[in-house]
Amino acid sequence: MHNKLAFFVIPAFVIGLLSPIASGAPGAHGPDGEHLDGAASGSGSGLARLPDGSVNVPKQAQRSMAIRTVMAVENDHPLTVELNGRVAIDPNAGGRVQAPFSGRIEAGPKGLPVAGQRVEKGQILIRIKPVASAIDRSNQEAQLADLRANLILAKQRVERLESLEGSVPQKDIEAARAELSSLKGRERAVSVSVIGSESITAPASGIVASANVLSGQIVEARDVLFEIIDPNRMFVEASSTDVALANRIGQASLVSFPAIDLILLGGGRSLRDGALPITFQAQGKGMALAVGQPVTVIAKLNEKVKGIALPAEALVRNPENQPIVWIKSGAERFIAQKVETRALDANTIVVVKGLSPENRVVVSGTALINQIR
């Protein structure tokens with residue numbers, strides 16, 4: 001009786017030991033038809049990296065890690081290229097304020113504008129009082145004194161001729177008036193350069209992107225004082241050495257800024273730092289872009305490539321820094337597969353080598369699986 005009981009208990013114990021071993025699932029084949037769903041060696045009863053490099057993830061852990069998979073589907077996708085670019089001012093929606101001459105900064109009626117402040121077109125931003133060397137200033141003051149003296153004489157002459165109107169030729173009166181008007185204009189121009197100031201106004205409505213002025217500061221001609229932008233209308237200038245690339249671009253997007261639309265305006269034909277500029281107009285509400293900010297542009301070409309499209313988060317790297325995706329080969333087993341990819345847009349990649357259409361690929365929680373040791 002005892003021997004019979006032992007006969008039944010031992011097989012049940014053995015079965016209990018073998019049950020945790022991960023078993024393969026249909027469809028776990030590599031791109032060349034090799035089997036990827038062989039049984040893993042060693043125990044896989046918990047969350048662990050198995051000796052063959054695969055990972056065992058129990059069902060409860062899969063739910064906690066929000067693991068999601070999709071069946072790989074091969075299709076034709078547009079070729080893409082990655083371009084380096086930078087954010088620039090839209091010349092039709094912003095502007096740059098420069099000093100027209102050397103002078104001293106004075107605050108406008110609303111004070112000195114600061115970065116981030118909104119201004120309206122035509123608003124007085126600052127006033128600039130001209131400055132000159134001691135010799136130039138003394139010459140201007142001497143010229144102003146001469147003009148004012150001549151202006152007094154010209155006024156007296158006009159008054160005298162007008163009192164004799166009818167007895168002196170009319171042309172003499174008109175000539176005296178013209179000379180008086182000319183002296184008044186010259187006196188105003190010289191007095192402004194000596195004691196006056198010139199108002200500098202905003203060329204467009206928008207936000208002050210940069211302000212480089214302080215009260216009393218001395219600036220030189222052509223110094224950049226302000227940059228004004230419309231935060232909802234910006235340019236992105238990408239660079240490429242391919243002259244014909246602009247004619248092959250169908251769509252474009254920004255990495256890390258999927259909500260921003262890029263509209264191709266055209267490509268330049270003059271080299272800048274050894275590359276040709278390709279200009280895009282960026283549009284969107286509340287764009288978090290700054291002038292001069294470096295960005296990465298993903299340009300979709302009109303040409304096609306055959307491959308499997310996956311979310312960008314499905315791609316991770318192994319300890320050798322090689323790109324991989326994780327394939328689900330069983331109920332609780334996942335296998336790392338090396339792949340070759342190309343970027344499709346800011347959020348999608350295309351696997352061109354390394355996967356077969358029958359693979360079930362992890363698209364959510366990939367980074368968590370990759371960290372299991």
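## The largest pocket

Strand 19 (323-328) and strand 20 (333-338) each contribute at least two residues to the lining of the largest pocket. This structure is a predicted model. The space in the largest pocket amounts to about 150 Å³.

The residues that line the largest pocket are Arg49, Gly53, Asn318, Pro319, Glu320, Ile324, Trp326, Ala336, Lys338, Asn370 and Arg373. Sorted by class, the lining of the largest pocket comprises four nonpolar, three polar and four charged residues.

## The chain as a whole

The chain has 373 residues, and 37% of them count as buried. Its secondary structure consists of five helices and 23 strands.

Among contacts in the chain with a separation of 6 or more, 73% are between residues 24 or more positions apart. The accessible surface of the chain is about 20700 Å², and carbon and sulfur atoms account for 53% of that surface.

## The sheet 9-8-6-11

Strands of a sheet pair through backbone hydrogen bonds, in either a parallel or an antiparallel sense. One open sheet in the model is formed by four strands in the order 9-8-6-11, and the pairing is antiparallel. Its edge strands are strand 9 (198-201) and strand 11 (218-219), each of which pairs on one side only.

Within this sheet, strand 8 (residues 124-130) runs antiparallel to strand 9, and four bridges join the two. One residue pair can be named here: Ile124 has Thr201, in strand 9, as its bridge partner.

## The sheet 5-12-10-7

An open sheet with the order 5-12-10-7 also has four strands, and the pairing in it is antiparallel. The edges of this sheet are strand 5 (95-98) and strand 7 (118-119), and each of these edge strands pairs on one side only.

Strand 5 is joined to strand 12 (residues 224-229) by four bridges in the antiparallel sense. Across this pairing, Val97 stands opposite Phe226, a residue of strand 12.

## Summary

The predicted model thus shows a chain with five helices and 23 strands. Two of its sheets have been described: the open sheet of order 9-8-6-11 and the open sheet of order 5-12-10-7. Strand 19 and strand 20 each supply at least two residues of the lining of the largest pocket, and that lining also includes Arg49, Gly53 and Arg373.

Key: Residues numbered from 1 in each chain as written. Predicted model: local features only at pLDDT ≥ 70, side-chain atom pairs only at ≥ 80, totals over all residues. Heavy atoms only, no water. Pairing = 2+ DSSP bridges. 1 Å grid on protein atoms, 1.4 Å probe; cavity = no way out; pocket = protein on both sides within 12 Å on 5 of 7 lines; lining within 4 Å. Points joined across faces, edges and corners; volume = space filled by probe spheres on them. Nonpolar A, V, L, I, M, F, W, Y, C, P; charged D, E, K, R; others polar. Buried < 20%, exposed > 50% of the residue type's maximum accessible area, 1.4 Å probe, protein only. Contact = heavy atoms within 4.5 Å. Areas by Shrake-Rupley, 256 points an atom, 1.4 Å probe, with all protein chains shown as cover.
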